[in-house]
Amino acid sequence: MMTRLTPDMIEGVPDDKLDLDQRLLKATGKTVKGIALEAAGLPDDTDLSGFRAAAIPITSGMGIIGGFSTSVDAIVRRLGMDCHVTEGTDVLGFSQAVADGCDIMMMADDRMFVAYNSRERKYTDNSWGTAKGYSVALKNAAGGLEGKDVLVIGAGMVGSWAVRFLMEMGANVSVTDIIHEKADRLAKIGARPLTDIAAAISEHTLLLNAAPFIIPGEIIAEGSIISSPGVPHYYDQVGRSRAKAIIHDPLEIGAAVMAVNSAGYSLRKRLPDN
Ligand code: 2YJ
């Protein structure tokens with residue numbers, strides 16, 4: 001399931017730094033940049049100002065999403081990188097970014113959203129970045145995941161990456177998907193597939209919702225922490241009052257992790273441990 005953002009979903013992203021940072025700080029103790037640096041395995045005082053990035057509007061397929069490139073540009077600049085939206089679109093925009101000496105090209109069509117590091121010739125994609133960012137956010141909100149039960153809802157690209165990351169963080173991971181075979185496939189890597197979605201949700205207090213699934217409030221356990229990249233994003237009044245924290249934004253966490261991890265291809269080479 002691949003969800004296409006719409007202009008109304010990302011409305012306000014260019015200006016929402018304070019709001020998202022404050023919500024994340026409250027839930028996780030970290031800002032967007034802090035989450036992204038941890039996701040990329042970089043120290044939290046990493047200076048990203050040496051990177052020049054570009055957001056390249058892409059017209060192919062269903063075309064430009066109003067506000068997408070400008071939102072991505074704002075997100076990357078908030079990380080302390082230099083960034084701009086290229087004047088041209090598509091291949092013209094890419095060639096302008098190269099001619100401009102850009103290190104990181106942010107671009108998305110209908111199937112793929114990447115942060116391409118042209119110095120290292122490597123990219124980070126949005127599924128990886130979203131899964132990693134929301135897993136790191138859940139870990140911080142929960143005060144660590146070692147030995148704790150976590151439920152991943154949705155075994156698509158984001159959910160499958162999240163299962164791996166949460167297991168690496170020491171969690172006991174269960175996974176559920178309306179298509180049972182998709183969840184079953186993740187048993188191979190050590191996740192526990194569960195078929196009764198409602199029962200699974202009410203038996204867990206640490207959730208990562210990577211499905212286009214609206215969780216009815218009455219099945220959410222009191223005090224739950226829900227890291228929730230999935231769209232459409234909606235929690236009813238009961239769910240919002242029962243949950244201790246619901247972590248969500250339409251674009252920023254995933255895109256920030258992509259940009260920082262892409263920069264990380266260059267930076268990690270210089271860290272003593274690598
Ligand atoms: O440049 C633009 O304005 C558009 N071409 C952006 C398209 C954004 N792409 C999507 O919303 C895709 N569904 C994202 C696919 C990423 C899958 N993780």
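Accessible areas, as used here, come from the Shrake-Rupley method with a 1.4 Å probe. With that in hand, the surface of this predicted model can be described: the accessible surface of the protein comes to about 12400 Å², and carbon and sulfur atoms hold 53% of that area. Turning from the surface to the inside, 53% of the 274 residues of the protein count as buried.

The overall fold comes next. Eleven helices and eleven strands make up the secondary structure of the protein. The radius of gyration is 18 Å, close to the 19 Å given by the globule rule for 274 residues, so the protein is as compact as a globular protein of that length. Measured out along the principal axes, the C-alpha trace spans about 55 × 45 × 35 Å. Contacts tell a story of their own: among those in the protein with a separation of 6 or more, 58% are made by residues 24 or more positions apart.

A ligand is also present in the model, and 16 residues surround this ligand. The closest of them are Thr3, Ile58, Ile65, Ala108 and Asp109. By character, the shell around the ligand divides into eight nonpolar, four polar and four charged residues. Some polar contacts can be followed atom by atom. A polar backbone atom of isoleucine 58 is 2.8 Å from a nitrogen atom of the ligand. For serine 127, an N or O atom in the side chain is 3.2 Å from a nitrogen atom of the ligand. In aspartate 110, a backbone N or O atom lies 3.4 Å from a ligand nitrogen atom. On its own the ligand has 490 Å² of accessible area, and the protein covers 94% of this area.

A few details of the backbone deserve a look as well. Valine 231 and proline 232 are joined by a cis peptide bond, with omega at about 0°. Proline 232 lies in the loop between strand E10 (225–227) and helix H10 (237–242).

Two residues other than glycine have a positive phi worth following in the structure. In aspartate 90, phi is near 55°. Aspartate 90 lies in helix H5, which covers residues 90–99, and is partly exposed, with a relative accessible area of 22%. In arginine 121, phi is likewise near 55°. Arginine 121 is found in the loop between strand E4 (113–117) and strand E5 (122–125). With a relative accessible area of 70%, over the 50% cut-off, arginine 121 counts as exposed.

How values were computed. Residues numbered from 1 in each chain as written. Predicted model: local features only at pLDDT ≥ 70, side-chain atom pairs only at ≥ 80, totals over all residues. Heavy atoms only, no water. Near = heavy atom within 4 Å. Polar contact = N/O pair within 3.5 Å; in protein donor to acceptor, adjacent residues only side chain to side chain. Nonpolar A, V, L, I, M, F, W, Y, C, P; charged D, E, K, R; others polar. Helix = DSSP H or I, 4+ residues; strand = E, 2+ residues; numbered from the N terminus. Rg over C-alpha atoms; globule rule 2.2 N^0.38 Å. Buried < 20%, exposed > 50% of the residue type's maximum accessible area, 1.4 Å probe, protein only. Contact = heavy atoms within 4.5 Å.
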